[in-house]
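Thanks for coming, everyone. I'll walk through one structure and keep it quick. Please have the viewer open.

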Amino acid sequence: SDSCAALESGICAFERLLDDEQHVELAAAYDIVDLLVGLISGRNHIIIEASVCALIKLGKDCTPRKLDMVKAGVIDNCLEILPLATSSLCSSIAELFRILTNNNAIARSSDAAKIVEPLFMVLLRPDFILWGQHSALQALVNILEKPQSLATLKLTPSQVIEPLISFLESPSQAIQQLGTELLTHLLAQEHFQQDITTKSAVVPLVQLAGVGILNLQQTAIKALEKISSSWPKAVADAGGIFELAKVIIQDDPHPPHVLWESAALVLSNVLRFNAEYYFKVPIIVLVKMLHSTLESTITVALNALIVHERSDPSSVEQMTEAGAIDVLLDLLRSHQCEEASGRLLEALFNNVRVREMKVSKYAIAPLAQYLLDPQTRSESGRLLATLALGDLSQHEGHARASDSVSACRALVSLLEDQPTEDMKMVAICALQNFVMRSRTNRRAVAEAGGILVIQELLLSPNADVAVQAALLIKFLFSNHTLQEYASNELIRSLTAALERDLWSAATINEEVLRTLNVIFANFPKLHISEAATLCIPHLIGALKSGSEGAQEAVLDTLCLLKHSWSTMPIEIAKSQSMIAAEAIPILQMLMKTCPPSFHERADNLLHCLPGCLTVTIKRGNNLKQAMGATNAFCRLTIGNGPSRQTK
């Protein structure tokens, strides 16, 4: 119609008819889109707004009509009108853009890219109503969530972020949500993250993170995820540590995993910036962060907990009560952050009060499983897990627990794998604790092939390892549990270790001598063995050059063997006694120099060791007068023994 009044009335009536969905379908049949797009021009804002509203109703949920509108030039027409449009018309145009960009193809198009800058300008208008703000923000989200659209954005961070900050503080939750979501997309670009303007968004975002409204929390924390990499101090200063901690420990209801993971990541970014922040985070929060699926988050939490433990050893009790042991064991078994996890676990179990907690006992089997796992490659992780088992073995109840059998097998397996010297020491000492308190554990070590492994360690070039290996053998054979394993080979191994010390002029390993004594005391059947006979010369060598403790152990062992000479085959007894007789000069010297406690044993040996005394008669005076015959002899008394006469 050429009549402006008629056109105005007609388009308004037409737009109102489209409130009925049936009328929308009828209108679409008249190919009305081009006509309506054409009416979006000139200065009659009533006609323009009615046309825009009609297009909104026609375009809802109908992709072909949306594409027709774009093809007809609706975006260009609207952008031409926008700078001089009323607030109401701006809102309608923004809503039309929202409807159009709900379609992915349109949102990715070059036509949609033209919308971005004008919409940001419209958002700066003070008279722009909430409905318009919502539509404009949603349209911008629809466009800028596409990476290709974001890459072509020409506006500076200050032009974009400053208006958005006001929307983060809007009274409308929906506006806050969209403003935060749009900011999140913009922050995907590094120059937006680092711009000083972005720092201003931190405070409102932290406030939104703490409001307790799920959607707002999710979008706000997602935005903080990006900002916290560049502005961690700002997040901390805005109270972010407290708000994020609340999300992480929230249990009822538990936040969605994506939200929880995002909050933990933001907090880890803040903590990574300054280690002083570690002490502002409750220990329970740090323990919860160990459940993250992100290794970077876990690493920061572990470092913070280790720092807590070093500065306040009593904090390990809080960690244990917060469930740290179970999650640290899970990390070890999944081979994540093995060194840090093992270090903290060892620190926990090194605490007496933690060891007394029931939960500690249940850590034995997982630690053993970790050591036996062929996928365990971390040497530091293995060492720390072994140390942790050593700590647990110090508790008598844990050392007797049924799971300690698996620990013994794991430790023997570790020793078979040619570990480092440190690991050998730790494993041997842990085994000592386990076998000292449990017969079952002794048998487990023996059945796992541990005795042969430990015999080899007696000859270790590391004197400390050799000492502890000898001590472990002593504990294993301190009773009759392993009598079938008490063999000549065992005596030979101990003798070889003793011989090496004698030849190398090193300090004699007293534990080897004490272990020999324990084995001979508990297993008399070995007294008649060839190994026992061959051991005697080395015992004498230790008696000559050893320390007081070594000399005492040798005297005890020689006395044990001496007591068996009367019951063993005479050839063996004679052989052993003749070899032992080499000790006579040393024993005579000891009688003069040794402590009084040695005298009885040394004297006892001197009186029983065999010797050959030759008496040569040089001359006899008055034999016939004294003896009544010439068949003369001498009667000799040696010491307190019975008198004897020569032939």
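Where does K154 lie? K154 sits in the loop between α11 (147-151) and α12 (157-168). One caution before we go on: this is a predicted model.

Back to K154. Its relative accessibility is 72%, so K154 counts as exposed; the cut-off for that label is over 50%. Now pick A209. K154 and A209 are 55 residues apart along the chain, and their C-alpha atoms are separated by 30 Å.

Next, two loop residues with unusual backbone angles to check. D61 is not a glycine, yet its phi is positive, about 60°. D61 belongs to the loop between α4 (45-59) and α5 (63-71). D61 has a relative accessible area of 81%, so D61 is exposed.

Then Q418. Here too the residue is not a glycine, and phi is positive at about 55°. Q418 is in the loop between α31 (404-416) and α32 (421-436). With a relative accessible area of 65%, Q418 is exposed.

Now inward. Which residues touch the most other members of the largest nonpolar core? That core has 215 residues, and the answer is V74, F97, F120, L186, L367 and F477.

Take F477 as the example. Set aside its neighbours within four places in sequence. F477 is then in contact with I451, L482, Y485, A486, L490, V518, I519, N522 and F523.

Polar residues can be buried here as well. Q177 is one of them, with a relative accessible area of 17%. Why is Q177 called buried? Because buried means under 20%, and Q177 is at 17%. Q177 lies in helix α13, residues 173-186. Its side chain reaches the backbone nitrogen of L216 at 3.2 Å. Not counting residues up to four places away in sequence, Q177 touches N215, L216 and T219.

N517 is another buried polar residue, at 16% relative accessibility. You'll find N517 in helix α37. Leaving out neighbours within four places in sequence, N517 contacts A553, D556, T557 and L560.

On to charges. How many salt bridges does a search of the whole structure find? The search finds 25. I'll show three pairs.

Pair one is E15 with K57. The closest N and O atoms of this salt bridge are 2.4 Å apart. E15 is in helix α1 (residues 4-17) and K57 is in helix α4, so the pair ties together parts that are 42 residues apart in sequence. Are these two residues buried or exposed? Both E15 and K57 are buried.

Pair two is R443 with E484. Their side chains meet in a salt bridge at 2.8 Å, N to O. R443 is in helix α33 (residues 439-447), while E484 is in the loop between α35 (463-476) and α36 (488-504). The two are 41 residues apart, so this pair links distant parts of the chain. R443 is partly exposed, with a relative accessible area of 27%. E484 is partly exposed too, at 48%.

Pair three is K474 with E511. The closest N and O atoms in this salt bridge are 3.4 Å apart. K474 lies in helix α35 and E511 in helix α37 (residues 510-522), so the pair ties together parts that are 37 residues apart in sequence. K474 is buried, with a relative accessible area of 18%. E511 is at 15% relative accessibility and counts as buried.

That third pair has company. Which residues are linked with K474 in a network of salt bridges? The network joins K474, E510, E511 and R514.

Last stop, back on the surface. What makes up the nonpolar patch of about 400 Å²? The patch is made by L613, V615, I617 and I638. Look at V615. V615 lies in the loop between α42 (596-608) and α43 (623-627). At 38% relative accessibility, V615 counts as partly exposed.

To recap the route. We started at K154 in its loop and passed D61 and Q418 with their positive phi values. We went into the core with F477, then to Q177 and N517. Then came three of the 25 salt bridges, and finally the nonpolar patch with V615. Over to you for questions.

Key:
Residues are numbered from 1 along each chain as its sequence is written. This is a predicted model: local features need pLDDT of at least 70, side-chain atom pairs count only at pLDDT 80 or more; totals for chains, interfaces and linings use all residues. Side-chain values use heavy atoms; hydrogens and water are left out. Patches are made of residues with over 30% relative accessible area and no salt bridge: like charges are joined within 9 Å, nonpolar side chains (Val, Leu, Ile, Met, Phe, Trp, Tyr) within 5 Å. Accessible areas come from the Shrake-Rupley method with a 1.4 Å probe; for residues, only the protein chains shown count as cover. A salt bridge is a side-chain nitrogen of Lys or Arg within 4 Å of a carboxyl oxygen of Asp or Glu. Helices (H or I, at least four residues) and strands (E, at least two) are DSSP runs, numbered from the N terminus. Buried means under 20% relative accessible area, exposed over 50%, partly exposed in between (1.4 Å probe, protein chains only). A nonpolar core is a set of buried Ala, Val, Leu, Ile, Met, Phe, Trp, Tyr and Cys residues joined through side-chain atoms within 4.5 Å. Contact means heavy atoms within 4.5 Å. A polar contact is a pair of N or O atoms within 3.5 Å; within protein, one must be able to donate a hydrogen and the other to accept it, and residues adjacent in sequence count only if both atoms are side-chain atoms.
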